[in-house]
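I opened this entry to record what I looked up, one topic at a time. The notes follow the order in which I went through the coordinates.

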Amino acid sequence: MCGIVGFTGTQQAAPVLLTGLKRLEYRGYDSAGIAVQHEGKILTEKCSGYLENLNRITDNGKNVPGFCGIGHTRWATHGAPTVTNAHPHVSNDGHFAVVHNGIIENYALLRAELMEKGFVFHSETDTEVVVHLLDLYYTGSLKQAVMKTVARLEGSYALGVVCDEHPGELIAVKSASPLILGVGAGENFFASDVTALIGHTRTVIYLEDGEFASLTPEKITVYDCGGRELQKPLSRVMWNTEAAEKGGYEHFMLKEIMEQPRALKATIEPRVKNGEIVLEGFQLSDEELQGINQIVITACGSAYHAGYVGRYIMEELCRIPVRAELASELRYSNPIINEHTLVIVISQSGETADTIAALKECKARGARTLAIVNVVGSTVAKLADSVLYTWAGPEIAVATTKGYTTQIAILDLLAVYMGHRLGRVEEGRYAALVEGICALPERCQRAIDLNTQAAALAEAFHDKPSLFYIGRNLDYAVCMEASLKLKEISYIHSEAYAAGELKHGTIALIDEEQLVVALACHRPLFEKLISNVKEVKARGAQVLAVAQESERRIFAEADQVLLVPECDALLLPIPEIIPLQLFAYYVAKFNGCDIDKPKNLAKSVTVE
């Protein structure tokens with residue numbers, strides 16, 4: 001949500017800023033802008049809509065000269081997505097420009113105070129109070145003005161600041177929103193995500209909450225909230241620019257669907273050695289593990305759906321009560337969590353605001369915490385007691401695919417590992433499950449190869465106004481993600497239902513216009529699911545079924561079929577989701593949707 005970039009160096013800043021913002025488009029936005037220092041002034045250009053508009057009015061940055069600047073893509077919260085509300089915001093006297101990701105919770109009080117002092121507000125945003133506070137507190141020291149301003153702010157924020165009296169200097173501030181510093185040769189950067197930096201440098205500094213930095217072309221100086229200089233370690237980003245490019249695919253989402261076999265191999269292979277699961281990031285001793293009497297999995301969106309799959313698998317193998325909770329609900333629910341609870345927190349970005357808040361709440365109650373995240377050095381990864389990285393590589397499309405499947409892969413590994421350590425998975429079953437997990441990359445490639453008809457099925461059904469997904473047990477868990485995939489990129493209404501609940505009201509909505517996607521992969525409940533298929537067909541619905549490829553009985557019941565390769569029942573959700581991801585992708589394509597940047601959505605939701 002929102003993208004921030006900053007650059008200072010010896011080349012023209014505007015083209016660098018625009019390129020960086022382009023790489024951050026996946027985060028979601030509805031307006032954009034840049035501000036660049038030039039000959040003692042700050043030049044600003046802003047637009048509503050996409051970056052193409054900003055590129056056009058600046059001639060790809062050529063019309064905004066200067067060597068130091070900041071840029072922003074805005075996802076509207078306070079105020080409509082207009083040019084006036086777009087960032088950067090500039091002080092009344094033109095001395096300061098600011099970009100901001102996050103929410104200033106006390107902005108209304110600050111705004112009233114500043115208006116009494118004579119400051120004029122032009123936008124509806126919470127961010128504009130920041131630039132006026134800087135102006136209020138500035139007496140020649142940019143560092144002191146920033147410290148005094150930040151001391152007044154409540155909420156979450158990543159800030160980028162330029163001042164016309166400090167040529168070549170950027171200020172970057174972090175508090176509960178992502179911000180990373182990029183270290184170059186004769187040039188330095190900051191950004192919301194390393195994706196914006198790797199075209200220039202792969203050496204980065206991770207800021208902690210409450211820290212801020214001064215960047216010039218020659219050096220980066222990091223301070224704590226009291227202004228004391230800190231020595232920060234350098235980190236190396238291990239993936240390169242090609243990983244963030246489309247690689248010949250029409251959309252990032254399709255590329256990332258096709259990357260899932262490789263991503264799963266990167267997640268699984270380093271963690272299985274000589275037939276044994278090795279989880280080096282999992283810190284619980286045997287005694288501590290034996291003391292766990294409940295597991296709570298919490299996350300938002302697709303990560304929550306991955307956790308819902310994990311709930312079934314962990315309960316089956318560990319024989320410990322497991323519940324999956326939406327982080328946005330858990331954080332406010334006064335949960336029954338204590339030192340005997342293992343809380344597993346899942347987030348692709350590691351910066352999801354509700355997930356961070358839920359993690360902090362659970363830690364405060366004494367829970368053991370484990371993070372499953374993709375982004376190294378993210379807030380969730382730093383806060384948790386233990387962390388297991390998915391190593392999926394950059395995921396650019398807003399709709400997650402490989403992020404979701406690699407999260408489930410980690411949960412599979414964790415469930416088998418813990419069940420074995422607890423003595424609840426016997427040796428033969430353990431060996432078979434480890435072998436099955438190692439085969440998941442190949443099983444996913446098979447799932448792609450089996451479903452070349454996904455595009456044709458999408459063309460046949462793309463104009464349906466509403467869909468229902470039904471399934472039982474693990475199939476129901478997969479339904480939740482399949483339904484979300486369809487609605488978030490195609491804007492078609494869809495709902496996921498536990499198939500046994502159809503007769504408790506939902507069946508009233510079934511008629512001859514309805515498409516029902518029936519997941520029939522969970523063999524222990526196959527016959528019961530077929531009964532549900534017969535129920536909806538008796539009311540005129542068309543049925544698109546998903547079943548294991550050897551399950552030929554499904555062809556006698558369904559109108560159309562998507563196939564999944566044979567797999568251990570507990571491991572099926574990973575290959576099972578792939579044809580449904582493809583179906584959602586092609587439906588959105590036939591409907592002419594902006595697949596990688598669906599409306600109203602952001603990749604990383606860093607505010608409530």
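**Helix 1 and its surroundings**

I began with helix 1, where I found Ala 13, Ala 14, Val 16, Leu 17, Leu 18, Gly 20, Leu 21 and Arg 23 to be buried. I keep in mind throughout that this is a predicted model. Helix 1 spans residues 13-23 and is mostly covered, with eight of its 11 residues buried. I then looked up what these buried residues pack against, and noted strand 1 (3-8), strand 2 (31-38), helix 2 (51-58), strand 4 (68-74) and strand 10 (188-191).

**Nonpolar cores**

I next turned to the largest nonpolar core, which has 101 residues, and noted that Ile 295, Met 314, Ile 344, Met 418, Tyr 469, Leu 580 and Phe 583 touch the most other members. I followed Phe 583 further: leaving aside its neighbours within four places in sequence, Phe 583 is in contact with Ala 454, Leu 457, Ala 458, Phe 461, Leu 467, Tyr 469, Leu 486, Leu 515 and Leu 544. Apart from the largest core lies another, of 28 residues, and I wrote down Val 98, Leu 133, Met 147 and Tyr 157 as being among them.

**Helix 13 against helix 19**

For the pair formed by helix 13 (residues 402-421) and helix 19 (residues 573-590), I noted a packing angle of about 170°, with the axes 10 Å apart. Because angles over 145 degrees count as roughly antiparallel, I entered helix 13 and helix 19 as roughly antiparallel to each other. On the side of helix 13 the contact is made by Tyr 404, Thr 405, Ile 408, Ala 409 and Asp 412, and on the side of helix 19 by Ile 574, Ile 577 and Gln 581. I sorted the residues of this contact into five nonpolar, two polar and one charged.

**Salt bridges**

How many salt bridges does the structure hold? I recorded 29, and looked at some of them one by one.

The side chains of Lys 402 and Glu 259 meet in a salt bridge, at 2.7 Å from N to O. Lys 402 lies in helix 13 and Glu 259 in the loop between helix 6 (252-258) and helix 7 (260-268), so this pair ties together parts that are 143 residues apart in sequence. I checked the burial of the pair and found that both Lys 402 and Glu 259 are buried.

Glu 288 and Arg 368 also meet through their side chains in a salt bridge, at 3.0 Å from N to O. This pair links distant parts of the chain, 80 residues apart, with Glu 288 in helix 8 (residues 286-290) and Arg 368 in strand 21 (residues 368-373). Glu 288 is partly exposed at a relative accessible area of 26%, and Arg 368 is partly exposed at 32%.

I closed this topic with a network of salt bridges that links Arg 523, Glu 527, Glu 551, Arg 553 and Glu 566.

**Backbone details**

Going through the backbone, I noted that the peptide bond from His 87 to Pro 88 is cis, with omega near 0°, and that Pro 88 lies in the loop between strand 4 and strand 5 (89-90).

I also looked up positive phi values outside glycine. Glu 39 has a phi of about 50°; it sits in the loop between strand 2 and strand 3 (41-48) and is exposed, with a relative accessible area of 71%. Tyr 491 has a positive phi of about 65°, lies in the loop between helix 17 (474-490) and strand 24 (493-498), and counts as partly exposed at 34% relative accessibility.

Methods. Residues numbered from 1 in each chain as written. Predicted model: local features only at pLDDT ≥ 70, side-chain atom pairs only at ≥ 80, totals over all residues. Heavy atoms only, no water. Axes fitted to C-alpha atoms, helices over the stretch in contact; angles between N-to-C directions. Helix = DSSP H or I, 4+ residues; strand = E, 2+ residues; numbered from the N terminus. Parallel < 35°, antiparallel > 145°, perpendicular 65-115°, else oblique. Contact = heavy atoms within 4.5 Å. Nonpolar A, V, L, I, M, F, W, Y, C, P; charged D, E, K, R; others polar. Core = buried A, V, L, I, M, F, W, Y, C linked by side-chain atoms within 4.5 Å. Buried < 20%, exposed > 50% of the residue type's maximum accessible area, 1.4 Å probe, protein only. Salt bridge = Lys/Arg side-chain N within 4 Å of Asp/Glu carboxyl O.
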